[in-house]
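Let's take a walk through this one together. Have the sequence and the 3D view open, and follow along piece by piece.

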Amino acid sequence: MTREKYDNQLEKLNNSLLKMTIMVEESVKKAVFALKNQDKAVAEEVIADDIRINRLETDITEECSIILATEQPVAGDLRHIISIMKIITDLERAGDHSVHIAKNVIKLANEPYIKPLIDLPVMGETAVVIMRRGIEAFLNRDADAAYEAALLDKKIDNIHLQVVRELIFIMISDNKKIDQALSLMFVSRFLERLGDHAKNICEWSIYSVKGEKIDL
Amino acid sequence: MDNYVITAEKLDLFYNSFQALYDIDIEIPSNRITALIGPSGCGKSTFLKTLNRMNDLVTGCRITGSVKYNGREIYAENDVSLLRKNIGMVFQKPNPFPMSIFDNIAYGPRVHGVTVKNELKNMVEKGLRDVALWDEVKDRLNKSALSLSGGQQQRLCIARVLAVEPDVILLDEPTSALDPVSTSRIEDLLDKLKKDYTIIIVTHNMQQAARISDNTAFFLNGRIEEYNQTEKIFLRPENRTTEEYISGRFG
């Protein structure tokens, strides 16, 4: 096999992608933990960690640009790099949503929740599963696994609708709860968006393997 | 619907007992640029030379199967000179004749019977304008063509081919001896010329094939491994060996 330097560059890029995924996963997990436990300190960590995620996104973009400029990748390699550039945007946005959730946690830290938070954490945990499986599928070039992982997003969407209905009912029943209900509704929306970004990662994994962009 | 100006079917080519081309099936559309890529010795130049019978000059060269130009068997043509007028060729190394710039271009038309001076003058000017060389050389048409730079010489050779009003232009690595600026001039030129001509180019430069061609054929060991639209070849090749070759991971 030829092009050893190039293959090493691609390998390094995959490692950077994996590192960013782990950081974003941690960020989502921490945001969900902070939400569940009304833990302001952990929420603040999520906000602080986001700077590192953003920096890594910039670094990976730079790595991709250098490979595009110097190695002129084609076919599978080109699709792989295009996909990485798209995936890191989704990861960065997922990190931002964790920050939005963390800010709501800080806002609500000193008041008891108007409802037990059972479903919202499930949304976050599911998004992490999709994200992890999507990235594994990407690195293993397994389009079927990516497809299956993407389907889990339906679960997140359904929970979101259910949570919204529940919160609307609470707001109608007691107008003193509107403020917190609205915050929780935003949190649910952020978690739903997190699921969408995780699903996008799966779609780019499929594109990378098959060369077809499908909207799942 | 594409009109195919060149078609080959079950084409085999032998140099004595060595088989250089196997079972070539290809349809080359008119007014398109078709790139032939593949490692050295894969048969792409051999195939190119088959199209205007440059292989006739090689002793022991034998062909079976069919290769047609506008529906007529190329190897059944009696007038090879007319065939080569219709299917012109540009080589890797610029090869201007050791005569003036004017005479280089006028040579072909003269051979094909044009003698009126004004007519020749117009043909020379048109040819040089077509290859964007006119402004650079109009004041020294009587100077030797060998005084031109490599890039200018190559454009002159293309103009010389155009002067006999061909239908198809074959180019065998036409820019491999040129610097990047001259290369992009030739590439721009080919893109303009495809409006009026069918262009077939052999190139070792993958990016060049990707940049300028509409269709690409990947040759390997005397066979066409894959032939498709260029963007498909370079984004989603069907064949693993094609992908390995264009990614530089071959062998």
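Two strands count as paired if DSSP finds at least two bridges between them. Helices (H or I, at least four residues) and strands (E, at least two) are themselves DSSP runs, numbered from the N terminus. A word on the source: this is a predicted model, where local features need pLDDT of at least 70, side-chain atom pairs count only at pLDDT 80 or more, and totals for chains, interfaces and linings use all residues. Residues are numbered from 1 along each chain as its sequence is written, while chains are lettered from A and ligands numbered from 1 in the order in which they are written.

Start with the strands of chain B. Strand β1(B) (residues 4–15) and strand β2(B) (residues 18–29) run antiparallel, joined by eight bridges. One of the matched pairs is B:I6 with B:I28 in β2(B). Two residues separate these strands in a hairpin, and B:N16 in the turn has a positive phi of about 55 degrees. β1(B) also runs antiparallel to strand β4(B) (residues 61–69), again with eight bridges; here B:Y15 has B:C61 as its bridge partner. β4(B) in turn pairs with strand β5(B) (residues 72–73) in the antiparallel sense, over two bridges, and B:Y69 is matched with B:R72. This is another hairpin with two residues between the strands, where B:N70 in the turn shows a positive phi of about 50 degrees.

Next, look at helix α3(B) (residues 101–111). B:I101, B:N104, B:I105, B:A106, B:G108 and B:P109 are buried there, meaning that 20 or more other C-beta atoms lie within 10 Å of a residue's own (12 or fewer would be exposed, in between partly exposed, with C-beta atoms placed from the backbone). These buried residues pack against α4 (117–130), α5 (134–137) and α6 (150–163) of chain B. Just after the helix, B:G113 takes a positive phi of about 100 degrees.

Now over to chain A. The axes of α6(A) (residues 153–173) and α7(A) come within 10 Å and cross at roughly 170 degrees. Axes here are lines fitted to C-alpha atoms, for helices over the stretch in contact, and angles run from 0 to 180 degrees between N-to-C directions. That crossing makes the two helices roughly antiparallel, a label for angles over 145 degrees. Their contact residues divide into 12 nonpolar, three polar and five charged. Nonpolar covers Ala, Val, Leu, Ile, Met, Phe, Trp, Tyr, Cys and Pro; charged covers Asp, Glu, Lys and Arg; the others, Gly among them, are polar.

What about the place where the chains touch? Contact means C-beta atoms, placed from the backbone, within 7 Å. The contact takes 13 residues from chain B and 11 residues from chain A. On the chain B side, α8 (206–212), α9 (230–235) and α10 (240–246) each supply at least two residues, and α8(B) has the largest share, three residues.

In the loop between α9 and α10 of chain B sits B:P237. Is B:P237 buried or exposed? B:P237 counts as buried because it has 24 C-beta neighbours inside 10 Å. Leaving aside neighbours within four places in sequence, the contacts of B:P237 include A:A75 and B:E226.

Last stop: the largest nonpolar core, with 123 residues, where A:A127, A:M131, B:L36, B:A159 and B:L170 touch the most other members. Helix α7(A) (residues 178–210) gives the most to this core, 13 residues. Such a core is a set of buried Ala, Val, Leu, Ile, Met, Phe, Trp, Tyr and Cys residues joined through C-beta atoms within 7 Å.

Technical notes. Two residues are in contact if their C-beta atoms, placed from the backbone, lie within 7 Å. Angles under 35 degrees count as roughly parallel, over 145 as roughly antiparallel, 65 to 115 as roughly perpendicular and the rest as oblique.
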